[in-house]
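Me: I should like to learn how to read a few features of a protein model, beginning with the exposure of a residue. Could the general idea come before the case at hand?

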Amino acid sequence: FVALDFTNPDENNYAYRLEGFNDQWIYTDYSKRIATYTNIPPGNYLFQVKGSNNHGVWNEEGASVKIVILPPWWATTWAYLLYALIIISIIYFTWKLQLRRIRIKHDYKMSKFESDKMHELDNLKSRFFANISHEFRTPLTVIQGIASQIENHPEKWMRQGPKKIMKQSEVLLRLVNQMLDISKLEAGRLQLRNIHGDISQFIRYVSNSFQGLAESKGIEYRMPEEGNSIFTDYDPEKLMQVLTNLISNAIKFTPAGGTVSLEFVSVSNSSSNNLEIRVTDTGKGIPKADMERIFERFYQIYDKNLRSTGTGLGLTITKELVKLMKGEIRVSSEEGKGSEFTISLPITHRAPEEQGSGNSRMHPVVVPSTSSSSETEVQ
């Protein structure tokens with residue numbers, strides 16, 4: 001740069017600055033009229049120069065030039081957009097890869113879980129069919145033996161034989177009914193046939209039928225005492241099946257000298273009115289490992305002291321029937337000390353659509369045989 005003052009030009013002075021990079025004026029003389037800048041970031045700048053004559057009079061307007069420094073290609077806006085696109089793509093494909101790995105791992109676990117469950121179900125079904133075959137074989141063998149005795153010694157067996165055959169037939173019928181009940185429950189075709197009556201009288205009626213079985217095994221059996229009547233809608237057949245399963249199961253797993261008791265009480269609060277039925281025993285108790293599975297279908301608690309642990313359907317049916325009656329069942333147990341099953345059923349008024357005839361008196365119900373040879377196997 002140079003000032004256009006030719007009178008003693010060696011005495012001219014100059015000042016310059018690059019606005020946007022160095023805003024301070026840099027002063028120089030005639031011998032240094034070159035401005036050098038390095039490492040200037042990309043952007044827009046204004047280079048300004050002003051000069052003075054030999055008398056020190058400055059031209060404040062000076063001269064200026066705009067300077068635009070372009071960024072390198074790797075620092076342009078398009079380059080940053082490309083970088084962002086690449087980073088987003090990497091994140092996306094990494095996420096997809098991780099998601100695929102998780103899905104594959106999950107599918108493997110589910111496949112293994114289903115395989116284990118199917119294997120376990122196969123084992124349970126095998127045990128079930130073995131046990132149910134045994135349950136069928138026992139009464140059929142007895143019936144066959146009695147029939148043979150009647151044929152060979154009719155004068156001796158004609159009187160007592162038919163009664164024993166009838167008893168064993170009831171055992172077979174009950175086993176078949178259990179299997180049919182499971183099918184009906186699965187299909188949702190099992191319906192309540194409610195009556196309106198004194199449910200407390202019915203519970204005592206069912207409970208009393210187990211007195212002989214308990215005594216034959218040397219077990220103290222405590223039955224509910226006479227008390228106030230509780231009128232409600234209930235299905236005698238379904239309730240009888242539930243009570244029979246629980247009481248016979250308690251007697252079965254309680255050793256001689258133990259105690260089995262049945263009690264019930266009406267529990268009321270501001271929101272509901274329920275009947276609680278408790279079946280308590282001082283038997284072997286339920287191991288903690290089995291507590292969560294006792295209501296599963298085909299599941300049976302192994303007991304080396306019993307020749308058979310049943311079909312594995314009793315408690316499943318019991319829970320489903322209680323649920324059908326809009327109630328709930330709870331269990332508490334301590335191994336070696338006994339168990340307590342609690343059923344809570346709502347106390348309701350007459351339900352005409354479910355009552356059929358609507359008769360309020362006690363309907364006749366066939367209570368299953370409770371002899372030692374025909375126990376209701378549950379667990």
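Reply: A residue counts as buried under 20% relative accessible area, as exposed over 50%, and as partly exposed in between. The model shown is predicted. Leu-82 has a relative accessible area of 46%, so Leu-82 is partly exposed. This residue is found in helix H1, which covers residues 77-152.

Me: Which residues form a nonpolar patch on the surface?

Reply: Trp-73, Trp-74, Tyr-80, Leu-82, Tyr-83, Leu-85, Ile-86 and Ile-90 form the patch, and together they have about 920 Å² of accessible area.

Me: How should the packing of two helices be read, and at what angle do H4 and H6 pack?

Reply: Two packed helices are described by the angle between their axes and the distance between the axes. Helix H4 (residues 199-208) packs with helix H6 (residues 236-252) at an angle of about 45°, and their axes are 10 Å apart. H4 is therefore oblique to H6. The crossing of H4 and H6 is right-handed.

Me: How many salt bridges does a search of the whole structure find?

Reply: A salt bridge requires a side-chain nitrogen of Lys or Arg within 4 Å of a carboxyl oxygen of Asp or Glu. The search finds 11 salt bridges. Among them, Glu-334 pairs with Lys-337, with the closest N and O atoms 3.5 Å apart. Glu-334 is partly exposed at 44% relative accessibility, whereas Lys-337 is exposed at 57%. Elsewhere, salt bridges with shared partners join Glu-263, Glu-276, Arg-278, Glu-328 and Arg-330 into one network. Within that network, the side chains of Glu-328 and Arg-330 meet at 3.0 Å, N to O.

Methods. Residues are numbered from 1 along each chain as its sequence is written. This is a predicted model: local features need pLDDT of at least 70, side-chain atom pairs count only at pLDDT 80 or more; totals for chains, interfaces and linings use all residues. Side-chain values use heavy atoms; hydrogens and water are left out. Patches are made of residues with over 30% relative accessible area and no salt bridge: like charges are joined within 9 Å, nonpolar side chains (Val, Leu, Ile, Met, Phe, Trp, Tyr) within 5 Å. Accessible areas come from the Shrake-Rupley method with a 1.4 Å probe; for residues, only the protein chains shown count as cover. Helices (H or I, at least four residues) and strands (E, at least two) are DSSP runs, numbered from the N terminus. Buried means under 20% relative accessible area, exposed over 50%, partly exposed in between (1.4 Å probe, protein chains only). Axes are lines fitted to C-alpha atoms, for helices over the stretch in contact, and angles run from 0 to 180 degrees between N-to-C directions. Angles under 35 degrees count as roughly parallel, over 145 as roughly antiparallel, 65 to 115 as roughly perpendicular and the rest as oblique. A crossing is left-handed if the near helix is turned anticlockwise from the far one by less than a right angle, and right-handed if clockwise.
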